[in-house]
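Please look over the sequence and the structure shown here before reading on. The report below is meant for a reader who is new to them.

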Amino acid sequence: NEVLEKVKEISKGAFSNCESLHSVYIPNGVEKIEERAFDECESLRELVIPKSVKKFFPTLYIFFAFFP
């Protein structure tokens with residue numbers, strides 16, 4: 001998808017409070033995920049981050065849910 005190829009950053013709060021969000025596959029080419037991008041996404045169970053991401057600022061929820 002041409003749009004996904006141009007995405008380089010997921011901004012602060014981009015998916016905040018998305019209660020029905022269960023899984024996210026970040027496309028290759030994204031280099032940065034800002035803080036609180038997935039804040040309060042309590043249904044999120046799967047987050048796939050490609051090696052192209054060099055800066056990732058997880059919230060405490062993401063940190064404890066995915067990096068126990």
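The sections that follow deal with the sheet, the salt bridges and the aromatic pair of this predicted model.

## The sheet

The model contains an open sheet of three strands, arranged in the order β1-β3-β5, and the pairing between them is parallel. At the edges lie β1, which covers residues 9-10, and β5, which covers residues 55-56, and each of these strands pairs on one side only. Strands of a sheet pair through backbone hydrogen bonds, and they may do so in either a parallel or an antiparallel manner.

Strand β3, made up of residues 32-33, is joined to β5 in the parallel sense over two bridges. Where this pairing is followed to individual residues, lysine 32 has lysine 55 in β5 as its bridge partner.

## Salt bridges

Side chains of opposite charge can pair when their charged atoms come close. In this model the count of salt bridges is two. One of them involves lysine 32, the residue already met as the bridge partner of lysine 55, and it joins lysine 32 to glutamate 34, with the closest N and O atoms 3.0 Å apart. Glutamate 34 has a relative accessibility of 17% and therefore counts as buried, whereas lysine 32, at 23%, counts as partly exposed.

A salt bridge also links the side chains of aspartate 39 and arginine 36, with a distance of 2.6 Å from N to O. Aspartate 39 is placed in the loop between β3 and β4, the latter being residues 46-48, and its side chain also makes a polar contact with the side chain of arginine 36, again listed at 2.6 Å. Is aspartate 39 buried or exposed? Aspartate 39 counts as buried because its relative accessibility is 11%, which falls under the 20% limit for that class. Arginine 36, by contrast, is partly exposed, with a relative accessible area of 41%.

## The aromatic pair

The structure holds one aromatic pair. It is formed by phenylalanine 15 and phenylalanine 38, whose rings are stacked, with 5.3 Å from centre to centre and 0° between the planes. The pair links distant parts of the chain, since phenylalanine 15 lies in the loop between β1 and β2 (23-25) and phenylalanine 38 in the loop between β3 and β4, 23 residues apart.

The two rings can also be described by their accessibility. Phenylalanine 38 has a relative accessibility of 2% and so counts as buried, while phenylalanine 15, at 31%, counts as partly exposed.

Notes: Residues numbered from 1 in each chain as written. Predicted model: local features only at pLDDT ≥ 70, side-chain atom pairs only at ≥ 80, totals over all residues. Heavy atoms only, no water. Pairing = 2+ DSSP bridges. Helix = DSSP H or I, 4+ residues; strand = E, 2+ residues; numbered from the N terminus. Buried < 20%, exposed > 50% of the residue type's maximum accessible area, 1.4 Å probe, protein only. Polar contact = N/O pair within 3.5 Å; in protein donor to acceptor, adjacent residues only side chain to side chain. Salt bridge = Lys/Arg side-chain N within 4 Å of Asp/Glu carboxyl O. Phe/Tyr/Trp six-rings, centres within 6.5 Å; stacked < 30°, edge-to-face > 60°.
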